[in-house]
Amino acid sequence: MSTSTGHSLIDRLRSIVGHAGLLNSPSDLLVYECDGFTIEKNKPDVVVFPTSTDDIARIVQACNEFQVPFLPRGAGTSLAGGCLPVGGGVMIALTRMKRILEVNIRDRYAVVEPGVVNLWLSNHLKPFGFHFAPDPSSQGACTIGGNTATNSGGPHTLKYGVTVNHVLGLEFVLPDGRVVQTGGPVEDNPGYDLTGVIVGSEGTFGIASKIWVRISRNPEAYRTLLGIFETVDDATNTISDIIGAGIIPGALEMLDRLILQAVEAAFHFGFPLDAGAALIMEVDGLDAGLDTDAERIAAIAIRNNAREVRRAKSEADRALLWKCRKQAFGAVGRLAPSYCTQDGVVPRTRLPHILRVIQKISDKYQVRVANVFHAGDGNIHPILLFDERDPGQVKRVLQAGHDILDECIACGGSVTGEHGIGVEKINFMPKLFNPEDLAMMQRLRSVFNPDGRCSPLKMLPTAGACIEPSKAGRRASL
Amino acid sequence: MADQASVLIDDFGPLAMHRPRSVAEIGNLVRQAAVENRAIYPIGGGTMLDRGLPPSHPGLAVTLDHLSEVIDYPTRDMTITVQAGITIDQLQNTLQRENQRLPIDVPRACSATLGGILACNISGPRRYGFGTLRDYVIGISVVNDRGQEIKAGGRVVKNVAGYDLCKLFVGSLGTLGIITQVTLKLRPMPEERALVLLPSDSETLPKLLNLLHGSRTCPVCIDLLNEGFVRHLNHQPKMQLPEAAWLILVGYEDNRDNVSWQIQQLTKELAAENARGLDARIGITSQPIYQAMGDLALRPESSLIFKANLPAGGTADFCRQLSGLRIDLAMQAHAGNGIVTGHLEHDLNLETARDLVQMIHAWIPPSGNLVIHRCPVAWKKHLPIWGKSRNDGGLMRRVKHTLDPQGIFNPGRFVEGI
């Protein structure tokens, strides 16, 4: 599309980010056609790499002038199609804005650009004895901007909360190109908690260009236990009893038989291959009192028929156990050529029920399902195994996934605990919320993104109605 | 507020008090108010009615004291769903029977309601360890400007489906709708608790607060009181707090082994700094002190109450500056969070108050602010009640204008004239 002055949008974007900051050849764009949700794909028309807030603002203004949709992207590790460029348009990749701008230990915050990788910040803080608490399994690659957009979780959310509990403020480019600051390094700013509503809005409210995050002190010590159970029921009852006893573990992770077999084949930890389920149970904090908690946890597990309870004897032992957990998804590659993971949530006490239902669904659709998840939060991650070359299997996998999420809703739960709605679960929104609820959310979005040009067709089923998906004709004019 | 037929807010009114018995009734009241171009002033326990600017439009008051039921309390899931009119005491008593709690310190918990403390975003000394209400609200229902009850969030502790309207309503001072129902994430009661009392002179204060920041121990509260407030608290039975220029109160909560180790550890760390006069209140004896510290926020004798927020590391110096300002200034700080409240009794005129506020503003770094929680109504139009305007003020006005275009809810009382 060209303006009266004859410049195309591409020229304009190039004038902002330079030749090295723009990709638009079909082969380059292929990388950006999807995130970790690979079932739907669509290439953006162009990808730009801003290096400053001002760049982002000017890019957004240009998109508005040319009436072309745009969306932000971090590392693209999201799992629900949050950064899938549904209508094509301009993808604003923030991976070159990767500076840690400030660390203030006394006031317990850090300021980062959105492209800073989650783990970099914690590594940077290590000498001070601090870390950034949200630690999704993808933390070696995912960015803090992406964490902010999706309100990421991770295995330690039960005790330490999710991303929103650790974001203090944002510098934010609104979809009209204006820059605002919400919150900041100081607590209790008067007025609405705009930071709180922007976190988790999946890029539909605008683009964070600077993030103030809370930093947390590293736990001084850990006690990591591994409980081996004959049945999933025994493992889940153990979880409820631990929390019922007033202990909040740093993490409570469950692995079922299928995943145990895959992980064992990959990492040789020594998991028994015939066990029904394993629980990684970890308490952390000050060393004092941790043994008391660990003994109580072990006793609870034994009372719930644990076959054995092992304790990680060394830091290396603990690290290997966590490697098994965090790379479990990688190990799944041994089981099937493709997999698709769900992200349902149920009240903790309904875990035995949902896992039984998942087994039934697995039988019904002839789809193997492995389970590895954040049991303490009731956040399940059933991994549906299939071969994407077989269209029949793909169809059955999608149907099985939907049935699982429907059951989560029936249990009073949710269809996403940490991955987000994106495009993948947009059709579930009317099942979770009634039309009035969704209309309220739509009104809130219109405050930030009245034209729907920023991240169209995400999160809300009726969203972005005024945006025309980028058509071949429009693409040609770019 | 229960039996009143009408209420005055900041001398505005009388506003007829409505006490709906159902959410449908609230919806009708809102729709009717919209048609008649009247405002609605949501009221909880009435403990913080003087917060903010005076009402700007005639209307009616709505209180939810008939909507105070526990809807669902699945104890093993550690969540509870309640109607917003429940008082904090009722709520905590229910939770205590299951050895659980909402770890938020609330002043006048016998009257304050859940809806009210959410609207005002109340917090207290233990926010250092447990965070604030935004960290505990996982689901919310609200009657909006169209009289519809809308909901957001859910009943599970981890949930990212849809926009997090919970965050928007917490701290919105009733300006976006009437909170009707809330689902909370809960915490277990600690096995043991303790408050370490540490007197300090002005000179040592920054060093001690820095030491606490760097301590190996993990306090859930680092509060600071000046002598004026300590004396005030000592009028109450069983307090006997040590009187010094400053009193630091350091709270610990965990299992028994952990808490006793933390007290010993802190004692050791302090001994190295020659701090003296350490006194620890263990177990249930710490509870009345927390309640009294929380209640200070609403002390009836105070005619001017202000709250400053600043970087936590600057708390000691800021408090020392303040104490040089007026001898009768009573002060409390959540020193770990950089929240400082100051109280003055009578004997003050508008001119003096204005000068004071201006001077204090100048001491606060640009990232912080100063709001006035209480002052005589006549002063409100002359003082910066909500502090200095921030660069997201325009966005806040747009939120209000979009979600309540007619200005039905609590008009005129909040930031930016919202």
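Which residue in S9(B) is the bridge partner of B:Ile140? Select B:Ala152 to see the answer.

This is a predicted model, in which local features need pLDDT of at least 70, side-chain atom pairs count only at pLDDT 80 or more, and totals for chains, interfaces and linings use all residues. Residues are numbered from 1 along each chain as its sequence is written, while chains are lettered from A and ligands numbered from 1 in the order in which they are written.

**Stop 1: the sheet of chain B**

Stay with the strands around B:Ile140 and B:Ala152. Helices (H or I, at least four residues) and strands (E, at least two) are DSSP runs, numbered from the N terminus. Two strands pair if DSSP finds at least two bridges between them. Select S8 of chain B, residues 137-143. Five bridges tie S8(B) to S9(B), and the two run antiparallel.

Now widen the selection to the open sheet. Its five strands follow the order S5-S6-S10-S8-S9 in chain B, with antiparallel pairing. The edges are S5 (70-72) and S9 (149-153) of chain B; each has a single partner strand, so one side of each is left without a neighbour in the sheet. From one strand to the next, the twist averages 20°.

Add helix H1 of chain B, residues 23-36. H1(B) packs on the sheet and touches S8, S9 and S10 (178-185) of chain B. Contact here means that the C-beta atoms of two residues, placed from the backbone, lie within 7 Å. The direction of H1(B) makes about 55° with that of S8(B). For such angles, axes are lines fitted to C-alpha atoms, for helices over the stretch in contact, and values run from 0 to 180 degrees between N-to-C directions.

**Stop 2: where the chains meet**

Show both chains. The contact joins 64 residues of chain B to 68 residues of chain A. On the side of chain B that touches chain A, S9, H5 (165-169), H8 (256-271), S19 (369-374) and H12 (393-403) of chain B each supply at least two residues. Which element of chain B gives the most to that side? Select H12(B), which gives six residues.

Colour that side by class. It has 27 nonpolar, 22 polar and 15 charged residues. Ala, Val, Leu, Ile, Met, Phe, Trp, Tyr, Cys and Pro count as nonpolar, Asp, Glu, Lys and Arg as charged, and the others, Gly among them, as polar.

**Stop 3: the sheet of chain A**

Move to chain A. Here an open sheet of five strands has the order S5-S6-S10-S8-S9, paired antiparallel. S5 and S9 (179-183) of chain A are the edge strands, and each pairs on one side only. Neighbouring strands are turned by 10° against each other on average, direction ignored.

Select S8 of chain A, residues 167-173. Are its residues mostly covered or uncovered? Seven of the seven residues of S8(A) are buried, so to speak of the strand as mostly covered is apt. A residue is buried if 20 or more other C-beta atoms lie within 10 Å of its own, exposed if 12 or fewer, and partly exposed in between, with C-beta atoms placed from the backbone.

S8(A) has antiparallel partners on S9(A), over five bridges, and on S10(A), over six. Click A:Leu170. It stands opposite A:Ile211 in S10(A), and its bridge partner in S9(A) is A:Thr182. A:Gly169 stands opposite A:Gly183 in S9(A).

Follow the chain from S8(A) into S9(A). They form a hairpin with five residues between them. In the turn, A:Gly177 has a positive phi of about 95°.

**Stop 4: helix H4 of chain A**

Select residues 118-125 of chain A, which are helix H4. Its buried residues are A:Asn118, A:Leu121 and A:Leu125. They cover an arc of only 70° around the axis, which puts them on the same side of H4(A). The arc is that of the directions from the helix axis to the C-beta atoms. Their cover includes S5 (100-104), S6 (109-112), S7 (130-131) and H5 (144-150) of chain A.

**Stop 5: A:Arg296**

End in helix H10 of chain A, residues 290-303, where A:Arg296 sits. A:Arg296 is partly exposed, with 17 other C-beta atoms within 10 Å. Not counting residues up to four places away in sequence, A:Arg296 touches A:Ala245 and A:Ile247. Last, select A:Ile242: it is 54 residues from A:Arg296 in sequence and 8.1 Å away in space, C-alpha to C-alpha.
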